[in-house]
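Visitor: I am new to this structure and would like to examine one part of it closely. Please describe the place where its ligands gather, and explain which parts of the chain meet there.

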Amino acid sequence: MSKNESVDRTRGPQITLTTSISKDDEVLVLGLVAAPSDDNSIDAAAPTLLGADVLDDGSATAISAALSALGATGSHGEVTRLAAPEPLGVRVVVAIGVGDEKSLDDPEKLRQAAGVAIRSLEGFDVVATTLGSTDIGAAVEGLFLGAYRFEEFRSSRSASTKQLPGTVHVVVESVDKEAKAELAHAIAVADSVAIARDFVNTPPSHLYPEEFAERARELGAKAGLKVEILDFDSLQKDGYGGIVGVGKGSSRLPRLVRLTHAGKKSAKKVALVGKGITFDTGGISIKPAANMDQMTSDMGGAAAVIAATIAAARLDLPVSVTATVPMAENMPSGTAQRPGDVLTQYGGTTVEVLNTDAEGRLVLADAIVRACEDEPDYLIDTATLTGAQMVALGTRTPGVMGTADFRDRVSALSAEIGENAWPMPLPAELRADLKSRVADLANVTPHRWGGMLAAGLFLKEFVPDGVQWAHIDIAGPAFNTSGPWGYTPKGGTGVPVRTITKVLEDIAANG
Ligand code: BES
Ligand code: ZN
Ligand code: ZN
């Protein structure tokens, strides 16, 4: 057998590179490429196997014949399972449709096909696949993320006996330096996404501000980040009126966490800010009972910026990154803030809190002002901020607002890695609707039009001139409430960890 290369990871399957099928492999996953559609021909052309060179000729012919008899077309995401021909040594062959030739140039198509393939392999332990033959990175990310499961809160009573594969051998032409680097990069990124998913999937009973801060400290320290945590007393003393106002209604008091990955002195400085509401009841402006449980995901932005900062350290990116992460639980109680209260944000801006359920912008405003004291070149904030994001863009497409050039750069990079954040405007006329009768600003407009944009305009008030800024609203995309698809399971998705990581890499490379 050829050389295997193993890479550190904290969870997920063990994924290694190899040049041939090994004796322990139970399943071989092959890509199946659809024939170009030709409207003039009656007989559809046969799909072709991807990476078939690892097969002996007899097996390749037998597999193709069987797939054709079963009517497999290679359409994207199609799964066809066969008994393996004897000489192969594995028990089962799975052909996963990757779409036509053109989709081979689209890493996201491959990532998703790999995710579908691994999710279909419940009950198998050791798997070989040729899916990495055109793009190791995309295949590995799809396999790793598709194999993600969150089982921490299942007792033996309901634990699934059918696990997804624990070992994946990615069969490539040669296990060279470049291939190993691609594998290591993909695992560093995908494992960081898994960190964010774990945070989001941990229920609010177990993940509250103090605990969230401690877990961020542990993971951050392990990755070599500098960690600073402000507790409730410090937040009060230092004037973080937004975080205090939102957090004071809960018996579990708020925190502000700062994590730093230090680049070289000359490196560009990036500030990250993420909304960390560990549970959002709405506060005194309480939410309806239906689906309130989903507000366990209201710290998805915080999870993503923590994970992206860890990714920057793991990838040793030559860029300075500081995540400033406000954590609070938004509860109604005798100590909660009231609709009509006025608070003073960090830095002095006063805000009339007309709706206590528009709490995200209050904690973010404090964090943005603090983050910008460091004079960053770039600021990226992300938050499960508005239901209006889903009304505008659906559940899978984040909205990105901010300074025009950087907004468009973030959106383009997000499209490259398949998270597809879409640029949205900050219309000046909506700003007038954030005027308050008594304070500098109101936290909501008196109407519901352009709710995502109004929230963006609120945040804009706290971003200093000259900072390139992107605000990513992930209300829908952070948490998958329907079925699994591609490499995205139900629950926490880890969006937008890969977008932010890609932007950090781009800034490291191009300034
Ligand atoms: N956390 C919610 C936004 C949200 C809604 C995220 C659904 C994910 C799914 C946020 O704090 C909120 O309640 N926003 C209000 C703002 C409104 C009061 C202006 C909303 O969107 O309704
Ligand atoms: Zn809310
Ligand atoms: Zn919220």
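Guide: The account below begins with the metal ions, continues with the residues that hold them, and ends with the remaining ligand and a neighbouring question of the chain.

This is a predicted model, in which local features need pLDDT of at least 70 and side-chain atom pairs count only at pLDDT 80 or more, while totals for chains, interfaces and linings use all residues. Residues are numbered from 1 along each chain as its sequence is written, chains are lettered from A and ligands numbered from 1 in the order in which they are written, and side-chain values use heavy atoms, with hydrogens and water left out.

The natural starting point is the pair of zinc ions. The zinc ion (ligand 2) and the zinc ion (ligand 3) are 3.2 Å apart, and Asp280 bridges the two by coordinating both.

Consider the zinc ion (ligand 3) by itself. Its coordinating residues are Lys275 through NZ, Asp280 and Asp298 through OD, and Glu359 through OE, at 2.0 to 2.4 Å. Donors here are N, O and S atoms within 2.8 Å of the metal (3.2 Å for Na, K and Ca), and sites may look incomplete because water is not among the atoms. There are 6 donor atoms around the zinc ion (ligand 3), and the angles they subtend run from 77 to 170 degrees, so the arrangement is octahedral. That word is used for six donors if opposite ones are over 155 degrees apart and all others between 65 and 115. Along the sequence, the donor residues of this ion follow the spacing K-x4-D-x17-D-x60-E.

Two of these donors show how the site draws on separate stretches of the chain. Asp280 belongs to strand E11 (residues 276-280), whereas Asp298 is in the loop between E11 and helix H8 (300-314), so the pair ties together parts that are 18 residues apart in sequence. Helices (H or I, at least four residues) and strands (E, at least two) are DSSP runs, numbered from the N terminus. Asp280 is buried, with a relative accessible area of 2%, and Asp298 is likewise buried, at 2%. Buried means under 20% relative accessible area, exposed over 50%, and partly exposed in between (1.4 Å probe, protein chains only).

The zinc ion (ligand 2) is held by its own set of protein donors. These are Asp280 (OD), Asp357 through both O and OD, and Glu359 (OE), and they lie 2.0 to 2.2 Å from the ion. Glu359, through OE, is also among the donors of the zinc ion (ligand 3). Around the zinc ion (ligand 2), 6 donor atoms subtend angles of 70 to 168 degrees, and the arrangement is therefore irregular. The donor residues of the zinc ion (ligand 2) are spaced D-x76-D-x1-E in sequence. Here Asp280 and Asp357 link distant parts of the chain: Asp280 is in strand E11, and Asp357 is in the loop between strand E14 (350-353) and helix H9 (360-372), 77 residues apart. Asp357 is partly exposed, with a relative accessible area of 23%.

Ligand 1 meets several of the residues already named. It has 16 residues around it (those with a heavy atom within 4 Å). Of these, Lys287, Asp298, Asp357, Glu359 and Gly387 come nearest. Asp298 and Glu359 also coordinate the zinc ion (ligand 3), while Asp357 and Glu359 are among the protein donors of the zinc ion (ligand 2). Asp280, the bridging residue, places a polar side-chain atom 2.9 Å from an oxygen atom of ligand 1. A polar side-chain atom of Asp357 is 2.8 Å from an oxygen atom of ligand 1. From Leu385, a backbone N or O atom lies 3.5 Å from a nitrogen atom of ligand 1.

One further residue, Asn443, completes this account. Asn443 is found in the loop between strand E18 (441-442) and helix H13 (451-460), and it is buried, with a relative accessible area of 0%. Its side chain has polar atoms facing the backbone of two other residues: the backbone nitrogen of Leu354 lies 2.9 Å from one such atom, and the backbone oxygen of Asn355 lies 2.8 Å from a polar atom of that side chain.

In summary, Asp280 coordinates both zinc ions and also has a polar side-chain atom 2.9 Å from an oxygen atom of ligand 1. Asp357 serves the zinc ion (ligand 2) through O and OD, and its side chain has a polar atom 2.8 Å from an oxygen atom of ligand 1.

Definitions and conventions:
Tetrahedral: all angles 85-135°; square planar, octahedral: opposite > 155°, others 65-115°. Polar contact = N/O pair within 3.5 Å; in protein donor to acceptor, adjacent residues only side chain to side chain.
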